Amino acid sequence: MATVDFEKSIGVSNGYISSISKSIQPDKLEIISDIYPNLSIEWLLIGKGEMLKTTSIEKASINYEYKGAPYYNVDFIGGFDLVLNDQTRNPDYYIDFAPYNKDGVVWCNITGHSMEPELNNGDFIAMKEMTDPIEYLPYGEVYGIVTDSYRTVKRMTASNKEGFVHLIPTNKSPEFQPQDIPVSMIRKVYAVLGSMHRLF
């Protein structure tokens with residue numbers, strides 16, 4: 001595509017592209033990104049890297065045909081609220097999303113705001129149960145923690161107390177505070193692999 005055609009497609013005057021290195025309005029960047037989703041904005045602004053994004057945008061879809069990973073309508077609370085642990089044993093459907101179509105991966109919900117902006121209220125979270133003893137899990141990662149009384153998602157680190165782990169929320173608001181809990185309370189631990197916004 002010629003420069004003049006590109007300029008016309010995004011609604012700017014001739015010669016606009018040559019001036020981008022000096023300044024560009026955010027609304028123009030948004031237009032360019034919408035019209036050309038595979039165009040690298042970094043390349044456009046500073047000329048570094050590849051012109052086109054190398055990773056393809058993958059679409060997630062739901063199905064009832066066992067394609068992908070199962071979705072369970074179970075809430076992990078972004079907090080320490082009490083929940084009834086009556087987890088369903090049958091998935092509602094399957095989420096076909098290539099990065100997480102792996103053995104042992106399940107999808108659940110996250111509710112609450114303590115892990116924002118890392119994980120948002122209402123997101124789907126991809127999780128995998130960890131079978132290693134808690135003491136040997138990598139610290140500093142985000143985990144889904146299940147006890148007899150609650151399910152929560154937090155970043156887990158070592159505690160100063162013997163026999164405890166330290167759970168840290170991402171949200172820095174004063175209402176969300178780190179907490180130590182005894183390892184003996186924990187029934188299951190899931191590694192949180194990723195998240196995505198709702199599909200519908």
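## Loops, strands and cores in a predicted model

In this predicted model, Tyr66 is found in the loop between β1 (61-63) and β2 (69-77). The phi of Tyr66 is near 65°, a positive value in a residue other than glycine. Most residues other than glycine have a negative phi, and most peptide bonds are trans. Is Tyr66 buried or exposed? Tyr66 is exposed, because its relative accessible area is 65% and the cut-off for that term is over 50%.

A second loop, the one between β4 and β5, holds Pro117. The peptide bond that leads from Glu116 to Pro117 is cis, and its omega is near 5°.

The strands on either side of that loop pair with each other: β4 (residues 105-111) and β5 (residues 124-129) do so in the antiparallel sense. Strand β5 also pairs with β10 (residues 188-196), again in the antiparallel sense. The table gives the bridges for each pair.

| Strand pair | Sense | Bridges |
|---|---|---|
| β4 and β5 | antiparallel | 5 bridges |
| β5 and β10 | antiparallel | 6 bridges |

Within the first pair, Cys108 stands opposite Ile125 in β5. Within the second, Ala126 stands opposite Gly194 in β10.

Cys108 and Ile125 appear again in the largest nonpolar core, which has 15 residues. They are among the residues with the most contacts inside this core, as are Phe76, Leu119, Met127, Val153 and Val192. The elements that each give two or more residues to this core are β2, β4, β5, β6 (141-146) and β10. A second, separate core has 13 residues, including Leu137, Tyr150, Ile181 and Val189.

Note on methods:
Residues are numbered from 1 along each chain as its sequence is written. This is a predicted model: local features need pLDDT of at least 70, side-chain atom pairs count only at pLDDT 80 or more; totals for chains, interfaces and linings use all residues. Side-chain values use heavy atoms; hydrogens and water are left out. Two strands pair if DSSP finds at least two bridges between them. Helices (H or I, at least four residues) and strands (E, at least two) are DSSP runs, numbered from the N terminus. Buried means under 20% relative accessible area, exposed over 50%, partly exposed in between (1.4 Å probe, protein chains only). A nonpolar core is a set of buried Ala, Val, Leu, Ile, Met, Phe, Trp, Tyr and Cys residues joined through side-chain atoms within 4.5 Å.
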